[in-house]
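Me: I'm new to this one. Can you walk me through it?

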Amino acid sequence: MDIQRGQEDWRPDTLAVRSGLARSGFEETAEALYLTSGFVYDSAEAAEAAFSGESDRFVYSRYGNPTTAMLQERLAALEAAEACTATASGMSAVFTALAALLGAGDRVVASRGLFGSCFVILDEILPRWGVETVFVDGPDLEQWRQALSQPTTAVFFESPSNPMQELVDMRAVSDLAHAAGAQVVVDNVFGTPVFSRPFDHGADVVVYSATKHIDGQGRVLGGAILGRREFIDGPVQNLVRHTGPTMSAFNAWVLLKGLETLRLRVEAQAATALKLAKVLEAHPKVSRVVHPFLVSHPQHELAKRQMSGGGSVVTFQIDGDKAEAFALMNALRIVDISNNLGDSKSMITHPATTTHRRMGADARAAIGITDGTLRLSVGLEDAGDLVDDVRQALQVALG
């Protein structure tokens with residue numbers, strides 16, 4: 001199968017539409033969807049050659065599929081990565097990337113500001129297998145410097161973090177990590193492929209929940225791991241092939257179509273998110289608003305250096321407890337209550353009781369999540385309608 005990787009001089013919007021395209025003999029317009037579990041061979045000898053690696057072909061969709069291969073090539077071209085592996089979900093991407101790097105006796109240093117499931121992997125699962133996890137405050141370079149003053153295998157962080165939108169100085173931390181012998185893994189979900197390019201700032205591996213902005217329309221789950229070819233085609237591929245967190249061909253096809261409109265959607269969402277953030281910041285019943293492109297963000301200058309846009313999420317804290325937060329959510333007429341983000345529909349969640357519940361009260365407090373904290377993922381609705389909806393909900397809940 002001849003997959004077109006993309007011209008080196010193509011810009012991102014063209015890569016998102018054209019790269020990785022592999023038409024069948026029918027010369028179809030849209031990418032072909034290969035819903036098949038396996039493939040057949042002309043002879044027993046051909047099957048043997050395929051499994052021995054003597055011939056390069058698809059053998060089983062857990063190992064590789066033509067539709068999934070197109071998505072992987074397109075994502076790799078868009079990120080300027082050597083290679084990509086697609087996985088069944090964002091969390092399978094995070095876990096597989098870390099498991100491909102770490103083993104018993106290894107050490108990982110991670111930012112404390114993490115999505116709840118990422119925290120569980122690092123705080124509960126990996127330590128059971130003999131991996132030492134050290135947590136630091138992501139914005140504090142001195143903590144990173146101290147933690148990375150001894151040999152380390154991997155570094156993991158989100159930037160911006162979910163949900164408190166703390167940033168990590170990617171270049172500075174990557175330099176410290178590499179000096180300690182570590183590989184840097186960055187979860188770029190909040191940054192998005194549109195606004196943030198971690199490889200340009202020293203990252204070795206980038207992971208995505210493609211469920212979020214890449215699909216962005218609430219249809220399918222998916223994940224992606226991007227990095228050097230020897231890492232992706234070696235330990236990552238070995239884990240995916242033999243443990244099975246494989247992306248379905250149908251989901252890959254949906255995500256390919258999502259990439260075609262990614263920039264249009266995310267730029268529109270980010271513009272509305274910044275408007276909403278400013279409205280919330282001016283409201284007397286809102287005590288804190290966090291968005292990387294608000295001037296009030298403590299790392300605003302770093303955000304402008306590392307990102308070309310502030311993202312589609314606004315995190316805010318009301319003057320109230322869980323009951324008032326729930327009342328606000330229940331009063332919204334347009335915005336859905338959902339734990340997803342990056343969707344074309346606006347969604348709000350209460351992190352303390354949903355996405356970050358497993359962290360426990362002390363761990364939530366350490367990263368600033370209170371019972372009054374709400375995470376608003378801004379969609380593609382009219383900005384004025386969303387402003388009106390949030391304002392009326394604040395009035396109903398808080399007076």
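Reply: Here is a short tour of the sheet, a helix and a cavity. Keep in mind that this is a predicted model.

Me: OK, the sheet. What is the strand order?
Reply: The order is 1-7-6-5-4-2-3. That is an open sheet of seven strands, with mixed pairing.

Me: Which are the edge strands?
Reply: Strand 1 (83-87) and strand 3 (132-136). Each of them pairs on one side only.

Me: And how many degrees are neighbouring strands turned against each other on average?
Reply: 20 degrees, with direction ignored.

Me: Back to strand 3. How many bridges join strand 2 to it?
Reply: Five. Strand 2 covers residues 107-111, and the two strands run parallel. In that pair, S111 stands opposite V136 of strand 3.

Me: Which strands does helix 5 lie across?
Reply: Helix 5 (residues 116-128) lies across strand 2, strand 3, strand 4 (154-158) and strand 5 (183-187). Against strand 3, helix 5 runs at about 145 degrees.

Me: New topic. How many cavities of 30 Å³ or more are there?
Reply: One. The largest cavity holds about 40 Å³ of space.

Me: What lines the largest cavity?
Reply: V189, T192, P193, Y208, S209, K212, H213 and I214. Helix 8 (192-195), strand 6 (205-209) and helix 9 (211-215) each give two or more residues to that lining.

Me: Which element gives the largest share?
Reply: Helix 9, with three residues.

Me: And how does the lining split by class?
Reply: Four residues are nonpolar, three are polar and one is charged.

Definitions and conventions:
Residues are numbered from 1 along each chain as its sequence is written. This is a predicted model: local features need pLDDT of at least 70, side-chain atom pairs count only at pLDDT 80 or more; totals for chains, interfaces and linings use all residues. Side-chain values use heavy atoms; hydrogens and water are left out. Two strands pair if DSSP finds at least two bridges between them. Helices (H or I, at least four residues) and strands (E, at least two) are DSSP runs, numbered from the N terminus. Axes are lines fitted to C-alpha atoms, for helices over the stretch in contact, and angles run from 0 to 180 degrees between N-to-C directions. Contact means heavy atoms within 4.5 Å. On a 1 Å grid over the protein atoms alone, a cavity is a set of points where a 1.4 Å probe fits but cannot get out, and a pocket is an open set with protein on both sides within 12 Å along at least five of seven lines; lining residues have an atom within 4 Å of a point. Grid points are joined across faces, edges and corners, and a volume is the space filled by probe spheres set on the points. Ala, Val, Leu, Ile, Met, Phe, Trp, Tyr, Cys and Pro count as nonpolar, Asp, Glu, Lys and Arg as charged, and the others, Gly among them, as polar.
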